[in-house]
Amino acid sequence: MLAVNMFSRASILLAGVFLDVGLATAERSSGQKLQHAFEKQAQQPLVVDAQEPSSRPGRLIDGQPGSALRDLRDALDTMQSQFFALWLGTWPNAIDWTAAVMQTHVSASLTSISHAFNYSVSDPLSPSLLTVENDINKFFMQTTAYYFGQDAFGIRQQAHDDMLWVVLGWLEAIELADTHDRLHHQIQKPLYGYGNNSGTWFGTQFSSALAHRAHVFYDIVHRAWDKELCGGGLTWDPQLETYKNTVTNTQFISAAVQMYMRHPGDANSSPFFSGDNPSAGFDKKDWGLPVLQPHDPKLLHRAIEAYNWLQAVELLDANGLYVDGYHISPGNRHNHSATPDQCDIRNEMLYTYNQGIVLSGLRNLWEATGNESYLIDGHRLVGNVIRATGWRDRIKGWGQSDQLPISRDDISKWIGERDQDVPADGGKPGRYKWHPLGRAGILEEFCDPSGYCSQDGQTFKGIFFHHLTSFCRPLPTKSSDFDFIPGISHKASSLTAKYHSSICKEYSKWVATNARAAWTTRNGKGIMGSWWSVNVPNHLDEQDNENERHLPESAVDVRNEPIPLNDRWRKPSSYSGQKQNFQLGNRNTKRDQRQNSGHHHEKPSQSTNPNSDGGDEVPDQNDRGRGRTVESHASGLAVIRCLWELSKLLDD
């Protein structure tokens, strides 16, 4: 078994398991196994058997070492060739916020590919390395085309979470440009006899423009933070009644601390009036986008404040998962009660992305402060998510063969080796029941089995895995580490760094399970579907789905269905005189116009989606509803990237 080194801290609670480790002493070897005292009610901890590289789960999708990287590249190429329109500079079937997430996935995937190869463009390159460099240049230029295709003015009129996707996306692109430049383009001599080559990748010329757009949208959102309602936090959409939700506030945490760590600074006041030229009658301090210096400590302060508020407002449910958000009851708004303007109505809806976004923020908060509690909180959350998929951590037969399954039939047999939640009874086969976030260890949205997911719902799982990948980045231990920022980054002790990596290694089997499941949903065009667990044997049949899959009465699925037309959600002026019970708000005008408001969902008819293969004898469940889309495929891309990055930890 892997030796796990712990933080020098007593009684760490991680993933429902108490790890009583005591204080580290100078005499303790970093490789010494420490004793675990398990919480009585806890399930078994997540563990990974030490394996040879040829059979390590993180290195394989189709049975060949290193294939996860190839599959990552292939999935990226499929996404861009099938869905991106260069002449428009966008993914035409995406909506504004999902397009921003698509760009994030492209940039993150290219960063992973860039890190995977060791070369310098100042040296002769083999044909294969020339292909790598060409791919990175090609796909990066598509992201710059999206910079001009993005509706930057329209998004300013949308919800705060829509704006924060823009911030996070362009920060990811800035990191890509910096990474690829430093890894492969630090040229110390002129090339081709042409002048004094600066030694920088051409992509870095866009960094100031990308940084400016991230700054513009961050500045708009941070000004909306208020302490009057619910004691702090950001509301979801100013056009709706106050709703302090998880997505907006976890985005703000992650965006603010990443701005602090990685933003290069911005002195461009456009598109606002310059503070140097105020018009008469206006205070100069109110004019212009303020200059942002690199590593502005106010950014870190805001991220810490936002995370403290998130913890205090009690958005975690009994399973340690983030629910969707809080309302203020109509009778409690601006009155003289004991708790005026306090969040008192909780929407118990669970979404996968709400569990993930904060993870990258926690990783960066640790690096910015050195406070290990941020890492502990992150690992606890990941453990809660994994258990909420019905994961059983020991899989019979794992590691007994180098050839792991790739076909639907093969993966069904392989997954079927696990103990089932519902045993066989009366001739009815055993099966895997629904858990809060999936079944058989595979992540699901509630909308997946019924096929009613909107573009929002099809995007969520990819967001979770993107931020899990960021969270599991190795911690810097010395100044020479690639991502270490002098004067900003904290160094981890050897115990802390090894502990963090060891736990992330333990996630690799679960991530591999999800990556393989997503991979098996590809159609003839190579496009992945949204319902990854569709090929699990003996999953719930339609009647079982209806009988066992219920939302709590206080859960409202506003991301896949219309926003309720009532005074909890809508401002009176927006629904006065309307007769229907539900309608889409202004923020949803580009979204699927579904009118089903119940908690049980009829099976959608077979899709006429152009990305369907068609003609199958057995209807493809991933062609129902919206069918396979750029959002569903990008979620598969994200979990494959996560698999690749975690697999690299197995070499340490």
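In this predicted model, D296 and K298 are joined by a salt bridge, with their closest N and O atoms 3.0 Å apart. The two partners sit in unlike surroundings. D296 counts as buried because its relative accessibility is 11%, below the 20% cut-off. K298, at 46% relative accessibility, counts as partly exposed.

A second salt bridge connects D219 to R223, and here the closest N and O atoms are 2.8 Å apart. D219 has a relative accessibility of 8% and is therefore buried. R223 reaches 54%, so this residue counts as exposed; the cut-off for that class is over 50%. A third salt bridge is formed by the side chains of D620 and R628, at 2.9 Å from N to O. In this case D620 is buried, with 9% relative accessibility, and R628 is buried too, with 0%. Salt bridges can also be linked to one another: R73, D77, D135 and K138 belong to a network of them. Across the model, the count of salt bridges comes to 22.

Attention now turns to the nonpolar interior. The largest nonpolar core holds 159 residues, and the members that touch the most others are W91, W165, F465, L468 and W510. Helix α5, which spans residues 160–184, supplies the largest share of this core, with 12 residues. For a closer look at one of these members, L468 is a handy example. Setting aside neighbours within four places in sequence, L468 is in contact with L359, V382, Y507, W510, V511 and C642. W510, one of these partners, is also among the core residues that touch the most other members.

Aromatic rings give another view of the packing. A pair of such rings is described by how far apart the centres are and by the angle between the planes. The count of aromatic pairs in the model is 25. In one of them, the rings of W201 and F202 have centres 5.3 Å apart and planes at 70 degrees, so the pair is edge-to-face. W201 is buried at 1% relative accessibility, whereas F202, at 32%, is partly exposed. Another pair is made by Y218 and F252: the ring centres are 5.7 Å apart and the planes meet at 5 degrees, so this pair is stacked. Y218 lies in helix α6 (residues 207–222) and F252 in helix α7 (residues 246–262), and the pair thus links distant parts of the chain, 34 residues apart. Y218 and F252 are both buried. Aromatic residues also gather in a group, as F84, W91, Y146, Y147, F148 and W170 form one aromatic cluster. Within this cluster, W91 is a familiar name, being one of the core residues that touch the most other members.

Finally, there is a sheet to follow strand by strand. Three strands make up an open sheet in the order β3-β4-β5, and their pairing is antiparallel. The edges are formed by β3 (243–245) and β5 (345–350), each of which pairs on one side only. On average, neighbouring strands of the sheet are turned by 20 degrees against each other, with direction ignored. Strand β4 covers residues 323–327 and pairs with β5 in the antiparallel sense over four bridges. At the level of single residues, V323 stands opposite L350 in β5.

How values were computed:
Residues numbered from 1 in each chain as written. Predicted model: local features only at pLDDT ≥ 70, side-chain atom pairs only at ≥ 80, totals over all residues. Heavy atoms only, no water. Core = buried A, V, L, I, M, F, W, Y, C linked by side-chain atoms within 4.5 Å. Buried < 20%, exposed > 50% of the residue type's maximum accessible area, 1.4 Å probe, protein only. Helix = DSSP H or I, 4+ residues; strand = E, 2+ residues; numbered from the N terminus. Contact = heavy atoms within 4.5 Å. Salt bridge = Lys/Arg side-chain N within 4 Å of Asp/Glu carboxyl O. Pairing = 2+ DSSP bridges. Axes fitted to C-alpha atoms, helices over the stretch in contact; angles between N-to-C directions. Phe/Tyr/Trp six-rings, centres within 6.5 Å; stacked < 30°, edge-to-face > 60°.
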